[in-house]
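Q: Hey, I've got a structure open and I'd like to talk it through. Can we start with the rings?

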Amino acid sequence: MPRELNPGPVPAATLAESVARLDAHGFDPGDEDSLTNAAEALAGLAANRSFLGDLLLDGLRTGGAGADTAYGPQAIMLSPPRNGYFLRANIWPARGDPAFEASGAASFVYGLPHDHNFDFLTVGYFGPGYASDYWEYDYASVRGEIGEPVDLRFVEHSRLAQGRVLHYRAHRDVHCQHPPESLSVSLNICAASPAQGWFDQYRFDTDAGRIAGVLNPSANEVLLRLGVALGSDAVRALAGEFAEGHPSAAMRRVAAELAR
């Protein structure tokens with residue numbers, strides 16, 4: 001399951017102070033000092049009980065979120081990608097909340113077992129927090145084919161309580177989230193690297209222990225599939241070349257499928 005971090009009591013920090021602290025050290029989840037610094041920065045921001053409400057209020061007063069804060073219907077971008085990371089807030093509606101009733105569970109990735117192709121830290125900020133079933137697996141042991149068996153090792157069922165800081169490890173931790181008992185909010189520090197788009201993110205059939213789908217087809221994969229579908233012999237030949245020697249395992253797998 002995600003690694004639990006315990007930054008200890010830290011003073012409340014503003015969003016600007018948290019960003020400055022992260023900018024000073026960057027975010028390298030493979031480095032313990034960087035990970036500790038990021039966990040403390042995130043805990044400090046979570047201890048600031050008014051910053052997010054103030055941010056939303058400012059957005060409403062000025063006509064809504066701008067390009068620098070917009071991320072999606074569920075998430076609010078708190079800082080743009082920089083120095084290997086970005087900050088966001090995630091909104092988790094409960095069953096019966098208007099957003100849940102209007103959009104359905106799938107819109108909030110509830111009930112969808114999946115991994116991530118990037119590391120991130122998360123902390124419970126508001127509300128009781130979503131619950132998750134957690135598994136682990138070995139990314140290097142799978143080819144990424146739909147229906148492929150995976151050795152998913154169940155770890156536990158737990159909840160992202162307020163103040164709890166977790167480190168989700170790329171290509172290792174798998175979770176299936178469930179709606180919280182009441183509206184909840186989490187804060188994230190997400191690793192941001194141009195290379196991560198070349199690595200698959202999977203959804204899983206945990207009952208069968210298999211890969212059920214790929215969640216992040218790259219733009220290049222879409223272009224390759226489109227070219228082959230349009231009947232281009234040149235693109236099909238390129239797919240053959242990619243299948244033999246592309247540096248991305250994800251692209252090699254897709255290209256091999258298209259080159260057949």
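A: Sure. Rings of Phe, Tyr and Trp (its six-membered ring) count as a pair if their centres lie within 6.5 Å. Keep in mind that this is a predicted model.

Q: OK, so how many aromatic pairs are there in the whole structure?

A: A search of the whole structure turns up 13 aromatic pairs. Take W92 and Y110: their ring centres are 6.0 Å apart and their planes meet at 40°.

Q: What do we call a pair with planes at 40°?

A: Planes under 30 degrees apart are stacked and over 60 are edge-to-face, with the rest tilted. At 40°, the W92 and Y110 pair is therefore tilted.

Q: And where do those two sit in the chain?

A: W92 is in strand 3 (residues 85-92), while Y110 is in the loop between helix 4 (98-103) and strand 4 (120-126). So the pair ties together parts that are 18 residues apart in sequence.

Q: Is W92 buried or exposed? And what about Y110, buried or exposed?

A: The cut-off for buried is under 20% relative accessible area. W92 has 5%, so W92 is buried. Y110 is buried as well, at 6% relative accessibility.

Q: Which residues are in the cluster with them?

A: Ring pairs link W92, F100, F108, Y110 and Y130 into a cluster. Within that group, Y110 and Y130 are 20 residues apart in sequence, and their C-alpha atoms are 9.4 Å apart in space.

Q: New topic: which residue lies over the face of Y125?

A: That's R49, at 4.4 Å from the centre of the Y125 ring.

Q: Now the sheet. What order do the three strands come in?

A: The order is 6-5-8, in an open sheet with antiparallel pairing. Strand 6 (153-159) and strand 8 (173-178) are at the edges with a single partner strand each, so one side of each has no neighbour in the sheet. From one strand to the next, the twist averages 20°.

Q: How many bridges join strand 5 to strand 8?

A: Six bridges join strand 5 (residues 131-136) to strand 8, and the two run antiparallel. For example, Y134 has H175 in strand 8 as its bridge partner.

Q: Last one: how many cavities of 30 Å³ or more are there, and what lines the largest?

A: The search of the whole structure finds one cavity of 30 Å³ or more. The largest cavity has a volume of about 70 Å³. Its lining includes G197, W198, F199, D200 and M251.

Technical notes:
Residues are numbered from 1 along each chain as its sequence is written. This is a predicted model: local features need pLDDT of at least 70, side-chain atom pairs count only at pLDDT 80 or more; totals for chains, interfaces and linings use all residues. Side-chain values use heavy atoms; hydrogens and water are left out. Two strands pair if DSSP finds at least two bridges between them. Helices (H or I, at least four residues) and strands (E, at least two) are DSSP runs, numbered from the N terminus. Axes are lines fitted to C-alpha atoms, for helices over the stretch in contact, and angles run from 0 to 180 degrees between N-to-C directions. Buried means under 20% relative accessible area, exposed over 50%, partly exposed in between (1.4 Å probe, protein chains only). A charge sits over a ring if NZ of Lys or CZ of Arg is within 6 Å of the ring centre and within 35 degrees of the ring normal. On a 1 Å grid over the protein atoms alone, a cavity is a set of points where a 1.4 Å probe fits but cannot get out, and a pocket is an open set with protein on both sides within 12 Å along at least five of seven lines; lining residues have an atom within 4 Å of a point. Grid points are joined across faces, edges and corners, and a volume is the space filled by probe spheres set on the points.
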